[in-house]
Amino acid sequence: MNHPLFAGFDPASAERAIDSEIFSRTPDGDHGAKMRRVGDALARLGNPQRHLRIVHVTGTNGKTSTSRMIESLLRAHGLRTGLFTSPHLTTFRERIQIDGQPLPQESLAALWERVAPVVAAVDASSLHQGGSRMSFFEILTVLGFAAYADAGVDVAVIEVGIGGARDATNHGSGEVAVLTPMAEDHSDYFVGGVAGVAAEKSGIIKPGATVVSALQPALAEDIIRAAVAKADAAVRWEGIHHELVSRRADAAGQCVTLRTMGGSHAEVLVPLHGDFQAQNALVALAAVEAFLERLAGSDTPVGVLDPAAVARGFAGATSPGRLEVISAAPTVVVDAAHNPHGVQALAGSLHESFGFDSVVGVVAVLADKDWAGILDGLEPVVDRVVVTQTDSPRATPVEELASAAREVWGPDRVTVASTVAEALGVATAMARAAGPESGVLVAGSITLVAAARKVVAREHEAQVRVVPPRLADAGEASTEVVPA
């Protein structure tokens, strides 16, 4: 590579080195100091965020799926896009996408050459004042803003990490603020229940912005209205300005009819499972309409959405880790639901989407989550459960989680596995024994979903190898399936 910092490194090695440096850093509970560090770093880079048109997305559930659909729809309308989401499942470059693709390794290396000295300078200044180094998310946010400015994207779709007002991404000025459904979550971060959640998340509403909101609890709606008035913004509500007219489950996902301020879009295929994804699609479409209206300098949304582009944008939308099938025979479904609200949405959609006769669950939960709410929400749709834990330092110890699970399912329906790989093996064996219409559901933690996807990928790679050609094969290599 032609970057002095990575002399002698291949691109994959450079990425591993950057990953190791970034993710060795821990979050800082001093949110004011965090915002100052990010602001300092961005200023040293010329404030790249000020050169971006931004759609900013927050909420308790559905942020990532909604962000991904917004990006796909905007790209289908011919715009160059940036997409910033979290967490990642395979490579952290997934968090910083340009035109629908993770930031290339070469681009990452070149960007880090420029950003690393800035991080070092901000670290030194913060430490000198008795503060902390920049955290991994602070650095990722700076990298994202810089990458999108360098690429000259037409629009950057930015998902908050947590909250809104005190989130590192709030250094960007979103001309469209998107609010997905809000509910209680992260009780150590949000004070005051739903009211605290709404107050924090409505902090992304900038002066003169257009706010696009999903249906919200009444208390959250009141707080959002006050924030909108204070910012002299405009707001578009689900149920008034945009609505889900109909939805029909489809083997490929669902067909939906959506109404926005500009008109109706009938029988559009959304290749994602679950009624919650239909709501996410509605909010995404309304947000895209709002942005395109502003881009055109128009005061009316009529005609800004191209029906063909809407169809293409939804057809190309993906949401890894959300009711995603990762293996067959038996069917293994992963879902990143990690709070009671998300689990409730998952439970309501599982049977409609897959029609299992019985379900074996694989569950792991992070320690800062509502274990009881997650387990209670899964019980109606999970017949037997295999409890495990991930490698995350925040993972709930498996025996603690198992004890809670036994209170919900009873001791005879709970099995303990020390690793995700072991848990998947046990669960798939149980599902096969239960019959051909049984499935496996992996849920409770985003880190669990990521680990399960890696286990399945490794097993697939172990089962297939390329066999060298024999003389009689006329020089053609063959693929042979071998035992794992």
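**Reading a predicted model: rings, bonds, bridges and a sheet**

Modeller: Let us begin with one residue: F354 has a relative accessibility of 21%, so it counts as partly exposed. Please keep in mind that the model before us is predicted.

Colleague: How should I read such a percentage, and is F356 buried or exposed?

Modeller: The general idea is a scale with two limits: under 20% a residue is called buried, and over 50% it is called exposed. F356 has a relative accessibility of 13% and therefore counts as buried.

Colleague: How many aromatic pairs does the whole structure hold?

Modeller: A search of the whole structure yields 4 aromatic pairs. In one of them the ring centres of F354 and F356 are 5.6 Å apart and the planes meet at 5 degrees, so this pair is stacked. The reasoning rests on a cut-off, as planes under 30 degrees apart count as stacked.

Colleague: Which residues do ring pairs link into a cluster?

Modeller: The cluster consists of F23, F92 and F136, linked through their ring pairs.

Colleague: I should like to turn to a residue within a strand. Where does T260 lie, and what is it in contact with beyond its neighbours within four places in sequence?

Modeller: T260 belongs to strand β10, which covers residues 253-260. Its relative accessibility is 2%, and T260 therefore counts as buried. With neighbours within four places in sequence set aside, T260 is in contact with H241, H242, L285, A286, E289 and L305.

Colleague: Let us consider the backbone. Which residue does the cis peptide bond from S86 lead to, and which does the one from A329 lead to?

Modeller: A cis bond is read from the omega angle. From S86 the cis bond leads to P87, with omega near -5 degrees; from A329 the cis bond leads to P330, with omega near 0 degrees. P87 is found in the loop between β2 (81-84) and β3 (96-98). P330 has its place in the loop between β12 (324-327) and β13 (331-335).

Colleague: What is the phi of N47, and is N47 buried or exposed?

Modeller: N47 is not a glycine, and its phi is positive, near 50 degrees. N47 sits in the loop between α2 (31-44) and β1 (54-58). Its relative accessibility is 14%, so N47 counts as buried. D232 is another residue to inspect: it is not a glycine either, and its phi is positive at about 50 degrees. D232 is placed in the loop between α7 (218-230) and β8 (234-237). With 64% relative accessibility, D232 counts as exposed.

Colleague: How many salt bridges are there?

Modeller: The count comes to 20 salt bridges. Such a bridge is read from side-chain atoms, a nitrogen of Lys or Arg lying within 4 Å of a carboxyl oxygen of Asp or Glu. E200 and R166 form one, with their closest N and O atoms 3.1 Å apart. E200 is in helix α6 (residues 193-201), whereas R166 is in the loop between β5 (155-159) and β6 (174-179), so the pair ties together parts that are 34 residues apart in sequence. E200 is buried, at 10% relative accessible area, and R166 is partly exposed, at 29%.

Colleague: Which residue forms a salt bridge with E243?

Modeller: The partner of E243 is R259, and the closest N and O atoms are 3.0 Å apart. This pair links distant parts of the chain, with E243 in strand β9 (residues 243-250) and R259 in strand β10, 16 residues apart. Salt bridges with shared partners also join E21, R25 and D123 into one network. Within this group, the side chains of E21 and R25 meet at 3.0 Å, N to O. R25 counts as buried, at 5% relative accessibility, while E21 counts as partly exposed, at 29%.

Colleague: Finally, how is a sheet to be read, and what is the order of the strands in the open sheet?

Modeller: One lists the strands in order, then considers edges, angles and packing. The open sheet has 6 strands in the order β12-β13-β17-β14-β15-β16, with mixed pairing. Its edge strands, β12 and β16 (414-416), each pair on one side only. On average, neighbouring strands of this sheet are turned by 25 degrees against each other, direction ignored. β13 pairs with β17 (residues 438-443) in the parallel sense over 5 bridges, and V332 stands opposite V440 in β17. Helix α10 (residues 340-354) packs on the sheet and touches β12, β13, β14 (358-363) and β17; the direction of the helix makes about 150 degrees with that of β17.

How values were computed
Residues numbered from 1 in each chain as written. Predicted model: local features only at pLDDT ≥ 70, side-chain atom pairs only at ≥ 80, totals over all residues. Heavy atoms only, no water. Phe/Tyr/Trp six-rings, centres within 6.5 Å; stacked < 30°, edge-to-face > 60°. Buried < 20%, exposed > 50% of the residue type's maximum accessible area, 1.4 Å probe, protein only. Helix = DSSP H or I, 4+ residues; strand = E, 2+ residues; numbered from the N terminus. Contact = heavy atoms within 4.5 Å. Pairing = 2+ DSSP bridges. Axes fitted to C-alpha atoms, helices over the stretch in contact; angles between N-to-C directions.
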